[in-house]
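Trainee: I'd like to go through this one with you and ask how each label is earned. Could you pull it up?

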Amino acid sequence: MPHRAVRTAALSVLVWATASLAGPGQVYRDNLPRDHPAIRYGESDDSSPVGRLIPRVERGEVTLDYRDGGLGYLPSLLEQLEIHPDSQVLVFSKTSFQEDRISPRTPRAIYFTDDAMVGFTLGGDLIEVVGVDPRTGPRFYTLESARGTPPVFDRPAVCLRCHHGAATAGVPGLYISSVHTRPSGQPDFGLGSIVTDHRTPFEDRWGGWYVTGLHGDQRHRGNAVSAGPARSAALQMAGALNLTELTRKLDTSPYLVATSDLVALLTLEHQTQMVNLMTRVSWEARIAEHDGRSDNARVNAIIEDLLTYMLFADEAPLTAPIAGVSTFSRSFPARGPRDRHGRSLRDFDLGTRLFRYPLSYMVYSPSFEGMPDVARNRVYRRLRAILSSAPEPGRYAHLSREDRQAILDILRETKPDAPI
């Protein structure tokens with residue numbers, strides 16, 4: 001793979017932050033070693049969609065088309081990775097190594113699917129790319145924005161300065177953060193930042209992000225900057241809520257779509273920590289097996305955390321219905337799979353919770369299948385036990401009898417080989 005130097009500033013493909021604060025339900029875990037013989041992160045092959053694409057591009061088997069006008073390789077790269085442009089979300093805080101190009105007028109765009117993500121900065125030197133390898137988790141790459149023959153990819157290790165730590169469950173991972181942002185786009189890290197996912201209260205989300213969508217009287221931190229240096233904790237919220245378009249905030253014409261969709265943001269938040277927890281389970285199980293540990297209490301504990309998360313046990317409830325304004329709310333569920341009644345784990349609820357059937361769609365992901373058999377089978381056994389039992393007070397009291405039966409039926413028909 002051709003390599004060229006990249007800046008040694010902290011690199012982030014999604015969101016970089018310092019002094020991050022845990023959101024509700026989150027536990028910051030110790031780092032697992034990337035160089036452990038059972039893991040060999042960075043040495044083993046990358047079988048993610050990005051890891052498979054790069055050598056094909058370099059050998060000339062796949063051509064990335066270059067579009068003039070500022071987008072460069074972005075449209076072709078998304079097409080090759082099967083990422084739909086309607087997944088676009090926009091972050092205007094200067095939380096990337098290309099911060100000099102990012103501002104409320106020129107936000108960075110992020111696009112995603114289940115196992116790949118792309119970050120694009122207008123006028124930036126590099127496109128940021130993440131592929132989620134089923135065995136070792138997210139791998140971080142850059143693609144030079146300038147036209148090349150072939151296009152030039154790199155894999156800078158500096159990404160892991162921020163993407164392997166407390167905010168990512170102690171393994172190489174992904175996270176979204178909510179920060180207080182000054183009018184320039186500079187985050188005020190003195191006020192801290194919150195790592196967000198589906199457990200985070202609505203009012204704490206999306207500081208430094210644009211948000212398009214309807215959410216009733218629920219408030220969030222998006223679309224707003226601080227009132228000034230003397231009042232950096234106070235956000236200018238006038239005209240920031242229930243936005244259906246962004247024309248008063250920025251010129252959206254240079255971007256692939258004109259939205260930073262509320263439902264896409266909620267989905268991405270859920271997915272990031274789901275990826276991290278699956279990666280943590282995988283690493284813990286592989287390390288335990290390699291080291292000959294017969295006591296699996298540590299592995300079982302993280303499996304229970306994964307189950308709690310994938311069953312949305314601590315989901316912050318919606319207090320009013322929400323609606324996105326892009327096609328994401330239709331294109332995402334269309335990916336299926338569906339049972340004979342037409343039900344899918346990708347179906348949205350958007351009334352009181354994010355998904356109609358509260359079990360993560362990431363159960364179909366390569367990352368879930370990539371967990372060691374002993375760990376994945378334990379997840380299935382616990383799922384069967386939880387979903388087959390009658391509702392009672394406790395961790396899974398939010399699952400009604402109807403929820404449990406629907407999830408079981410969907411799983412048994414859409415994953416017929418699963419022991420559930």
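Trainee: Among contacts in the chain between residues at least 6 apart in sequence, what percentage join residues at least 24 apart?

Mentor: It's 67% of them. Keep in mind that the model is predicted.

Trainee: And what makes the chain as compact as a globular protein of that length?

Mentor: Set its radius of gyration, 21 Å, against the globule rule, which gives 22 Å for 420 residues. Those are close, so the chain counts as being as compact as a globular protein of that length. That chain has nine helices and nine strands, and 60% of its 420 residues count as buried.

Trainee: Why is the pair of Phe-92 and Tyr-210 called tilted?

Mentor: The ring centres are 4.6 Å apart, and the cut-off for a pair is 6.5 Å. The planes meet at 50°; stacked needs under 30 degrees and edge-to-face over 60, so this pair is tilted. Both residues are buried, too.

Trainee: What does that pair tie together?

Mentor: Phe-92 is in the loop between β2 and β3, while Tyr-210 is in the loop between β9 and α4, so the pair links parts 118 residues apart in sequence. The structure holds 14 aromatic pairs.

Trainee: Which charged end sits over the ring of Tyr-41 at 5.1 Å from its centre?

Mentor: That's Arg-139. Arg-155 also lies over the face of Tyr-41, at 5.8 Å from the ring centre. The distance cut-off is 6 Å, and 5.1 Å for Arg-139 and 5.8 Å for Arg-155 are both within 6 Å.

Technical notes
Residues are numbered from 1 along each chain as its sequence is written. This is a predicted model: local features need pLDDT of at least 70, side-chain atom pairs count only at pLDDT 80 or more; totals for chains, interfaces and linings use all residues. Side-chain values use heavy atoms; hydrogens and water are left out. Rings of Phe, Tyr and Trp (its six-membered ring) pair if their centres lie within 6.5 Å; planes under 30 degrees apart count as stacked, over 60 as edge-to-face and the rest as tilted. Helices (H or I, at least four residues) and strands (E, at least two) are DSSP runs, numbered from the N terminus. Buried means under 20% relative accessible area, exposed over 50%, partly exposed in between (1.4 Å probe, protein chains only). A charge sits over a ring if NZ of Lys or CZ of Arg is within 6 Å of the ring centre and within 35 degrees of the ring normal. The radius of gyration is taken over C-alpha atoms; the globule rule is 2.2 Å times the number of residues to the power 0.38. Contact means heavy atoms within 4.5 Å.
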